[in-house]
Amino acid sequence: MSQPSDTLSGPVIPPSKGVNWDPVVRVTHWVVALSVVLNGLIVEEESQLHNWIGYAVLAMLALRVLWGIVGTEEARFSSFPPSLLKAKAYAQGMLHGEHPAQRSHNPIGSLMVYAMWGSLAVVIGTGIGMEVFDIYEMEDIHEVAANLVLVLAAAHVCGVVLESRLSGVNLIRNMTIRTRSRGPE
Amino acid sequence: MTEADPRSNTHNRKPGAPSRRAGLLAALVAVQAVCAVFFVVDVTADFTWDGADVHTAFEAVIAVALVLGVIFGALEIRRTLDRIRRAETALSIASGALAEVIEAYFDRWGLTAAEANVALLAIKGFEVAEIAGLRGASASTVRVQLAKVYAKAGVTSRTQLLSVFIEDLMGEDLIGK
Ligand code: HEM
Ligand code: HEM
């Protein structure tokens, strides 16, 4: 990274600090994350509480889908389209220590996000199938998809921690603490 | 830039009231979304098992109202956030932090380090040949990098690239977002 800026008294471009996620993304994320842990690992499956938590997840997903259409630029689906090609290119870049600044989820994260949303939709759809329409044949799909969500979420957390380490961008802070100051720390 | 840079004053700005308002709105809309889902599911279940009656119809009206409330709530959050971001941009520029604004744009466009550097030199008015000389690269490399910068920024010329930042200086959208 040679920076002729010094000789031109121009600003040196500091490393990216990542996407500062908006409150809708943060609220929906943490409600979903908490609910998945509760419903998948802790709460009794046949309890009414299990259904209520599941409906809360449905609400968060619906809100997030709406937000993916009318929301901030970085939250829109068009900012992180799923693409195997881009994900592959990004992974190869990572092997060479490259971490291009992102305007939304990085291409690998994007695939993971859609995978989690997709399997959550299956879990909720089959849950409602059992509860509302009495189609209890769906229980197996519900269980498999729920376990898939848990596995994906575990991989997701590992990915987030790894990417934060490698790129030096604190992704977790950008998803938790409310607003980051804009300048260098 | 050095530590003595006066613009560092602006770095410790607190999030402030509008940003709290957006957070509060988001929480409210989330609660509203949960209520909306409860009602929609309830109406669907009632309708499936009991058919349409006055009670179900009444609940359906509430469900629709709640869903509309969520949609308008989301749009309102979007407006609030846009306002905050415009104000932040205007303030950064007012405090002489154009560099920060440019950097934020480069960030948003996802420029690589090399592209960002070329773009910066272009904004400063250097010709392709000069940029190539400064960077120790060939002119054709620089031209390709500039083309990539334009593509990522959604502009077709250097003048348009400049106008992106000028637009912020004037606090109005000249080119559509
Ligand atoms: C984040 C969402 C959810 C997760 C992670 C989740 C997870 C699970 C898991 C792990 C089981 C155990 C499966 C088994 O051992 O047979 C289960 C069962 C079940 N879930 Fe969910 N679930 C979710 C949402 C829902 C929703 C939205 C509903 C319905 C409204 C629902 C209704 C049920 C029912 C009826 C059972 C079967 C209980 C039984 O008869 O054994 N779930 N769920
Ligand atoms: C346990 C269940 C979890 C699920 C189902 C989950 C799911 C998701 C989803 C769907 C997104 C995309 C957010 C959006 O665009 O709206 C996301 C992003 C994110 N999650 Fe999670 N998450 C979980 C747990 C966690 C935990 C425990 C952490 C923190 C250690 C975490 C950190 C993040 C971060 C930092 C992002 C943003 C990544 C980026 O910058 O691209 N997640 N997660």
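In this predicted model, a polar side-chain atom of A:His50 sits 2.7 Å from a nitrogen atom of ligand 1. A:His142 makes a comparable kind of approach, with an N or O atom of its side chain 2.7 Å from a nitrogen atom of ligand 1. The side chain of A:Glu139 instead addresses an oxygen atom of ligand 1, again through an N or O atom and at 2.7 Å. These three residues are also listed among the nearest of the 19 residues around ligand 1, together with A:Glu45 and A:Gly127.

Ligand 2 can be described in the same way. Its surroundings comprise 18 residues, of which A:His29, A:Arg64, A:His105, A:Met116 and A:His156 are the closest. For A:Arg64, a side-chain N or O atom lies 2.4 Å from an oxygen atom of ligand 2. A:Trp21 also faces an oxygen atom of ligand 2, with a side-chain N or O atom at 3.4 Å. A nitrogen atom of ligand 2, in turn, is 2.7 Å from an N or O atom in the side chain of A:His156. Two or more residues of the shell come from each of the chain A elements α2 (23–42), α5 (107–133), α6 (139–167) and α7 (171–176). Helix α2(A) supplies the largest share, five residues. Sorted by class, the shell around ligand 2 holds 14 nonpolar residues, three polar ones and one charged one.

Turning to charged pairs, side chains of opposite charge can pair when their charged atoms come close. Over all chains, the count comes to seven salt bridges. One of them links A:Glu74 to B:Arg85, whose closest N and O atoms are 2.7 Å apart. This pair joins two chains, because A:Glu74 lies in the loop between α3 (48–70) and α4 (84–95) of chain A, while B:Arg85 belongs to helix α2 (residues 54–94) of chain B.

Chain B also offers a helix pair to look at. The axes of α4 (residues 113–123) and α6 (residues 139–153) of chain B come within 9 Å and cross at roughly 90 degrees, so α4(B) is roughly perpendicular to α6(B). On the α4(B) side, the contact is made by B:Ala114, B:Glu115, B:Val118, B:Ala119 and B:Ala122. The α6(B) side contributes B:Val142, B:Gln145, B:Leu146, B:Lys148, B:Val149 and B:Lys152. By class, seven nonpolar, one polar and three charged residues make up this contact between α4(B) and α6(B).

Technical notes:
Residues are numbered from 1 along each chain as its sequence is written. Chains are lettered from A and ligands numbered from 1 in the order in which they are written. This is a predicted model: local features need pLDDT of at least 70, side-chain atom pairs count only at pLDDT 80 or more; totals for chains, interfaces and linings use all residues. Side-chain values use heavy atoms; hydrogens and water are left out. Axes are lines fitted to C-alpha atoms, for helices over the stretch in contact, and angles run from 0 to 180 degrees between N-to-C directions. Helices (H or I, at least four residues) and strands (E, at least two) are DSSP runs, numbered from the N terminus. Angles under 35 degrees count as roughly parallel, over 145 as roughly antiparallel, 65 to 115 as roughly perpendicular and the rest as oblique. Contact means heavy atoms within 4.5 Å. Ala, Val, Leu, Ile, Met, Phe, Trp, Tyr, Cys and Pro count as nonpolar, Asp, Glu, Lys and Arg as charged, and the others, Gly among them, as polar. A residue is near a molecule or strand if one of its heavy atoms lies within 4 Å of it. A polar contact is a pair of N or O atoms within 3.5 Å; within protein, one must be able to donate a hydrogen and the other to accept it, and residues adjacent in sequence count only if both atoms are side-chain atoms. A salt bridge is a side-chain nitrogen of Lys or Arg within 4 Å of a carboxyl oxygen of Asp or Glu.
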